[in-house]
Amino acid sequence: MDVNTSLVIPIGLSLVAVRWLRQLLDLPTRLPRLNRLLDWIWAPGVALLALSVGWDSHLLDEVYQLFIFGVVLYVLLRCQDHRPARTLVLALAPFVAYSLVELLVAAFGKSLLKSYDDVFETSQGFTIIWLVTFVLIARNQKKHLERERLEREKEAEDKRRIEAENSQLERMVAERTATLTQQTQELQHALDELKITQDQLIQSEKMASLGELTAGIAHEIQNPLNFVTNFSDVSAELVQELLEEQQRPDRDPDLEAELLQDLKQNLEKIHHHGQRAASIVRGMLEHSRQSTGERQPTDLNQLADEYLRLAYHGLRAKNKAFNATITTFFDPAVGSIEAVSQDLGRVLLNLFTNAFYAVQKRQEAAGAGFVPTVSVATRRNAQGDIEIRVQDNGTGIPEDVRQKIFQPFFTTKPTGEGTGLGLSLSYDIVTKGHGGTIEVESAAGQGTEFIITLPA
Amino acid sequence: MMKILVVDDEADVRTLFEQRFRREIRSGQFAFSFAYSGEEALDYLHAHASEVVLILSDINMPGMSGLELLRHIREEYPAPPPPQVMMITAYGDQESHDQALRLGANDFLTKPVDFAALKAKLAAMEPHEN
């Protein structure tokens with residue numbers, strides 16, 4: 001039996017080549033159908049092997065080898081968009097061409113093969129070197145592509161991770177923003193409530209100071225009302241006397257004229273004291289009213305005088321035995337200035353109340369011989385600014401306390417007697433409300449002076 | 001004639017008293033003098049000590065209070081007969097009342113002054129005088 005065993009080598013070669021192609025070109029995914037066909041690459045070889053039994057087939061192996069090359073070339077061309085495939089086409093082309101020529105020469109012109117033996121030998125060597133070189137290049141390209149692909153995959157992976165992180169971050173930012181927004185709203189709410197509370201505190205401080213004044217106000221109203229009542233009564237008497245006089249046969253015209261003159265005078269007095277009471281009531285209402293913050297022409301001297309009396313009688317109402325010397329100096333040049341009179345009134349009231357409180361405290365300690373004195377002086381200084389000085393010879397303010405007196409809720413009075421808001425509000429009214437300054441000079445045990453300066 | 005010194009920081013008190021007691025003044029029954037502060041009253045008393053029989057003083061006055069004036073009067077004029085002193089106040093509280101009596105006030109009146117009652121008190125004082 002004569003079997004052409006030389007066919008076995010190309011069959012093995014074909015299997016190796018297919019395997020190698022699959023690996024290199026990733027055939028299962030790139031060309032799945034062709035890939036399945038390639039499983040049968042050995043079939044033609046085995047068929048030829050079977051056919052070769054019994055007849056001359058010395059060129060069959062080469063034919064079969066060419067067939068394999070053809071298949072490989074075909075596969076490569078199908079994959080020509082893949083760079084290593086193109087390189088391999090280039091690598092194989094000369095070798096396949098040589099093999100074809102050699103086969104043709106071997107089949108049809110053996111003499112030619114002999115005479116050009118060297119040329120064939122050289123060509124074959126060249127094509128093999130060429131083949132090996134380009135196969136290596138293709139492998140490099142494949143490796144290179146693989147690396148690129150891995151890099152791309154890594155990049156894509158990175159990108160995915162970054163995107164995931166980004167969305168995670170965005171979610172965290174959104175959460176944080178929501179938290180912050182909520183906190184802001186809570187703070188805003190708290191701030192609003194604080195503002196409302198502050199307004200209520202200011203109002204209650206005002207009412208508290210009004211409460212302190214009630215007795216003073218009552219006294220201040222009682223005095224003019226007494227006059228109104230008394231002058232009305234006495235006027236009735238005068239009228240009665242006048243009527244009686246008119247009934248007499250010997251009327252005294254001088255007496256009648258005098259009575260009429262007195263009546264006229266009394267009516268003026270009644271009017272005057274009625275106005276006095278009315279003005280006090282008006283002042284009280286103004287004091288308790290929510291300040292409009294509108295500046296109006298205000299007679300500072302009159303304002304200071306009014307509140308000085310109110311403060312004095314307010315304290316007297318609480319401490320009947322208390323008495324103080326009050327001195328006033330009102331500079332007529334001060335005149336009327338643009339001010340929020342309710343607010344400035346509160347400042348003055350506060351300073352006077354404090355002054356009387358201080359002299360009263362010192363009197364309690366010093367006893368007889370001490371003359372409690374509170375004085376108020378106004379003046380227009382050289383720059384045209386208005387100065388109001390409220391001075392007392394009371395207990396004075398020690399240095400460490402002096403630094404805190406304008407702070408809200410600071411008070412040296414016993415609990416329940418002071419809100420601690422008086423001077424702090426006064427400070428705001430003078431500085432923020434009127435663009436002025438309020439200063440304090442004091443010596444412990446000797447007295448205190450507050451100086452308010454208001455711009456002209 | 002009974003000489004009366006009225007002490008009050010309200011100036012209109014003068015007009016009021018002069019009109020309320022117009023008949024008594026005209027008839028020469030009473031003679032009124034007026035002082036507008038405790039200090040002024042003391043000055044007046046220093047000048048007219050023996051003349052003044054009755055002093056009507058407000059308690060609540062700036063400067064020297066009515067009670068202080070009373071103390072001065074009792075210190076300076078102890079000799080018999082001491083002047084009668086009536087205190088007047090708008091605050092009809094017990095404390096001032098007690099203090100006034102302790103300092104030697106003869107009577108205590110509240111504002112608004114009831115002139116009919118005052119006249120009755122003055123009338124009651126007159127036989128004392130004589």
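Which element gives the largest share of the lining of the largest cavity? Hold that thought while we walk through this two-chain model, which is predicted.

**Chain A**

Let's start with chain A. It is divided into domain 1, residues 5–163, and domain 2, residues 294–456. Taken over C-alpha atoms, the centres of domain 1 and domain 2 of chain A are separated by 113 Å.

UniProt, in an unreviewed entry, marks "transmembrane region" at residues 6–25, 37–55, 61–77, 89–108 and 120–138 of chain A. The same kind of record, also unreviewed, lists a "coiled-coil region" at residues 140–200 of chain A. Here is how some annotated spans look in the model, with one from chain B added:

| Span | Helix | Strand | Distance between end C-alpha atoms |
|---|---|---|---|
| Residues 6–25 of chain A | 90% | 0% | 29 Å |
| Residues 61–77 of chain A | 100% | 0% | 24 Å |
| Residues 140–200 of chain A | 100% | 0% | 87 Å |
| Residues 3–126 of chain B | 45% | 21% | 11 Å |

**Chain B**

What does UniProt place at residues 3–126 of chain B? The feature there is "domain: Response regulatory", and it comes from an unreviewed entry. As the table shows, this span has both helix and strand, at 45% and 21%.

There's a nice detail to look for in chain B: a cis peptide bond joins Lys111(B) and Pro112(B), with omega at about -5°. To find the spot, go to the loop between strand S5 (107–110) and helix H6 (115–129) of chain B, where Pro112(B) lies.

**Where the chains meet**

How many residues of chain B are in contact with chain A? The count is 26 residues of chain B, and they touch 32 residues of chain A. Together the chains bury an area of about 2400 Å², and carbon and sulfur atoms give 47% of it. On the chain B side, Gln19(B), Arg20(B) and Tyr91(B) lose the most area to chain A, together making up 26% of what that side buries.

**The cavities**

Now for the empty spaces. Rolling a probe the size of a water molecule over the atoms is a way to see where space is left empty. Searching the whole structure turns up 2 cavities of 30 Å³ or more. The largest has a volume of about 160 Å³. It is lined by 19 residues, and Asp8(B), Val13(B), Leu16(B), Lys111(B) and Val113(B) are the closest to its centre. You've met Lys111(B) already: it is one of the two residues joined by the cis peptide bond.

Sorted by class, the lining has 11 nonpolar, 4 polar and 4 charged residues. Both chains take part: helix H8 (117–247) of chain A, plus strand S1 (2–7), helix H1 (12–20) and strand S3 (54–58) of chain B, each supply at least two lining residues. And that brings us back to the opening question: the largest share, 4 residues, comes from H8(A).

Note on methods:
Residues are numbered from 1 along each chain as its sequence is written. Chains are lettered from A and ligands numbered from 1 in the order in which they are written. This is a predicted model: local features need pLDDT of at least 70, side-chain atom pairs count only at pLDDT 80 or more; totals for chains, interfaces and linings use all residues. Side-chain values use heavy atoms; hydrogens and water are left out. On a 1 Å grid over the protein atoms alone, a cavity is a set of points where a 1.4 Å probe fits but cannot get out, and a pocket is an open set with protein on both sides within 12 Å along at least five of seven lines; lining residues have an atom within 4 Å of a point. Grid points are joined across faces, edges and corners, and a volume is the space filled by probe spheres set on the points. Ala, Val, Leu, Ile, Met, Phe, Trp, Tyr, Cys and Pro count as nonpolar, Asp, Glu, Lys and Arg as charged, and the others, Gly among them, as polar. UniProt positions are given in the numbering used here, feature names are shortened, and annotations may be inferred rather than shown by experiment. Domain bounds come from an automatic or database domain assignment. Contact means heavy atoms within 4.5 Å. Buried area is the accessible area (1.4 Å probe) that two parts lose on being put together, summed over both.
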